[in-house]
Amino acid sequence: MVTIRYAKDNFELNENQSVLDCLTGHGVPVPFSCRSGVCQTCLMRATGGTPPEISQHGLKDSLKLQNYFLACVCHPSADLEVALPDDDDIQAVIPATVKSLKLLNADIMHVVLECHLPIDYRAGQFINLFQNQSLGRSYSLASVPHEDEHLHLHVRRLPQGRVSGWIHEELRPGETVEIRGPGGDCFYIPGNTEQGLILIGTGSGLAPLYGIIRDALSQGHSGPIHLFHGSRDLNGLYLTGELHDLVQQYANFNYVPCLSGDDVPHGFAAGRADDVAFQQIPNLKNWRMFLCGHPEMVKIAKKKAFMAGASMKDIYVDAFNVSQSS
Amino acid sequence: MSEQLSLFEKIGGEAAVDAAVDIFYRKVLSDDRISAFFEGVDMDKQAAKQKSFLTMAFGGPHNYTGLDMRLGHAHLVERGLNDSHVDAVIEDLGATLRELNVGEDLIAQVAAIAESTRNDVLCR
């Protein structure tokens with residue numbers, strides 16, 4: 001008899017029953033629609049055990065790798081522990097020690113964290129960092145597993161930002177914080193190494209992109225990789241030296257710093273990062289896109305990229321939504 | 001050959017749906033008659049919904065009921081969804097299949113399936 005575990009409850013799976021039917025039969029409010037493995041409304045995640053391959057059919061690769069599955073077509077032959085995508089308690093809290101804090105520019109702090117327990121993540125995913133039990137914020141990971149020993153975050157100081165203000169003003173190396181994660185599906189999937197990658201980021205949206213680029217390069221990605229990093233003025237850009245070094249090191253990597261303000265010195269592209277990118281590469285058919293940073297930029301660029309020929313399954317986004325309770 | 005191929009098989013099955021979904025969604029988004037209904041929606045979720053719609057219209061496996069169709073479109077009917085918009089969707093569907101070199105006889109069958117949902121979609 002196969003058991004489905006959801007939020008500390010164990011349910012027996014009847015023969016020929018789907019995980020969806022089992023859970024909804026016991027009153028778990030799993031949303032669903034087509035009931036035939038197509039519409040993806042009943043998306044769930046296995047937090048223990050492995051979902052059958054057929055229940056992951058049609059999902060984005062980044063979701064498959066994180067054990068997401070469709071409950072309506074999931075008939076596991078072994079026990080499964082499952083959660084809804086929005087369940088907060090999907091991961092345990094991990095303590096981490098602050099190793100270093102260094103300003104990358106006037107507003108963005110490079111935070112290095114040493115986890116007390118191993119954390120299995122992919123460059124470009126995010127973690128939640130907690131100031132206290134009830135106050136946490138999501139920050140994207142700029143570090144690359146196997147390349148970097150610790151976790152790297154780029155924390156932009158927001159006006160009236162409670163957590164970012166605390167990180168910039170009060171947090172000190174040696175202190176221990178609590179994190180939870182990783183989450184998010186904006187990361188590099190190995191394979192299809194000749195595909196072109198376009199990465200567009202604004203502000204600290206560079207954090208996940210910096211991780212994704214180095215991850216792709218270290219895994220031998222051979223197709224062209226174009227990074228468009230945008231800010232209003234020169235002070236907003238950062239890691240320019242490191243990125244120019246990567247350009248020297250890898251012939252297939254191209255870095256285009258973009259300035260949307262009036263003062264655009266030689267060596268920088270004039271305009272918003274997304275506009276510059278779509279001007280330089282108008283036909284996006286067969287390109288893989290990564291869009292990170294300002295939510296409005298991400299939303300507009302996602303639609304533009306799709307209309308310009310990028311396939312929906314090839315567009316990865318990480319919108320930096322600012323908490324309303326800042 | 002005694003076995004008859006289903007409409008879904010003739011069109012090319014799930015591979016055909018995969019080929020059609022991006023093309024169809026692009027057409028819908030750039031169709032001024034209906035694009036406003038798609039403003040502000042989550043594009044990934046919408047693409048998945050387009051995929052299940054196409055699967056159904058291509059004669060593929062689905063479990064949609066008339067009630068699902070009504071519940072899924074009631075908020076759009078309130079915003080003025082009417083026959084002209086259903087016409088536009090069916091037109092875009094035909095144009096998508098033409099782009100994929102599907103024959104006119106099969107396109108007519110797909111259009112007929114889409115047509116059969118009209119009253120449920122418009123909640124009448």
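Two residues are in contact if their C-beta atoms, placed from the backbone, lie within 7 Å. The model used in these exercises is predicted.

**Exercise 1. The interface**

Find how many residues each chain gives to the contact, and sort the chain A side by residue type.

*Solution.* Step 1: apply the contact cut-off between the chains. Chain A supplies 13 residues and chain B supplies 17 residues. Step 2: classify the side of chain A that touches chain B. Six residues are nonpolar, four are polar and three are charged.

**Exercise 2. Two residues, two environments**

Decide whether H73(B) and A106(A) are buried, partly exposed or exposed.

*Solution.* Step 1: recall the cut-offs. Buried needs 20 or more other C-beta atoms within 10 Å, exposed means 12 or fewer, and partly exposed lies in between. Step 2: count for H73(B). There are 19 other C-beta atoms within 10 Å, so H73(B) is partly exposed. Step 3: count for A106(A). There are 9, so A106(A) is exposed.

Step 4: place both residues. H73(B) sits in helix 4 (residues 66-78) of chain B. A106(A) belongs to the loop between strand 6 (93-103) and strand 7 (108-115) of chain A. Step 5: list the contacts of H73(B). Leaving out residues up to four places away in sequence, they are L81(B), V121(B) and C123(B). Step 6: check the record. An unreviewed UniProt entry lists H73(B) under "binding site".

**Exercise 3. The parallel sheet**

Take the six-stranded open sheet of chain A. Identify its edge strands, then trace the link from strand 16 to strand 17.

*Solution.* Step 1: write the order. It is 15-14-13-12-16-17, with parallel pairing. Step 2: read off the edges. Strand 15 (269-270) and strand 17 (315-319) of chain A each have a single partner strand, so one side of each lacks a neighbour in the sheet.

Step 3: test whether strand 17 of chain A is enclosed. Four of its five residues are buried, so the rest of the structure largely encloses strand 17. Step 4: follow the chain. From strand 16 of chain A, the path goes through helix 7 (residues 295-307) to strand 17, a right-handed β-α-β crossover.

Step 5: examine the pairing. Strand 16 (residues 288-293) and strand 17 of chain A run parallel, joined by five bridges. M289(A) stands opposite I315(A), and C292(A) has D318(A) as its bridge partner.

Step 6: add helices. Helix 5 (residues 240-249) of chain A lies across strand 13 (225-231) and strand 14 (253-259), at about 150° to strand 14. Helix 6 (residues 273-280) of chain A packs on the sheet, touching strands 12, 13, 14 and 15. The direction of helix 6 makes about 160° with that of strand 12 (197-202) of chain A.

Terms used:
Residues numbered from 1 in each chain as written. Chains lettered and ligands numbered in written order. Predicted model: local features only at pLDDT ≥ 70, side-chain atom pairs only at ≥ 80, totals over all residues. Nonpolar A, V, L, I, M, F, W, Y, C, P; charged D, E, K, R; others polar. UniProt positions renumbered as here; feature names shortened; annotations may be inferred. Helix = DSSP H or I, 4+ residues; strand = E, 2+ residues; numbered from the N terminus. Pairing = 2+ DSSP bridges. Axes fitted to C-alpha atoms, helices over the stretch in contact; angles between N-to-C directions. Right-handed = clockwise from strand over helix to strand, strands pointing away.
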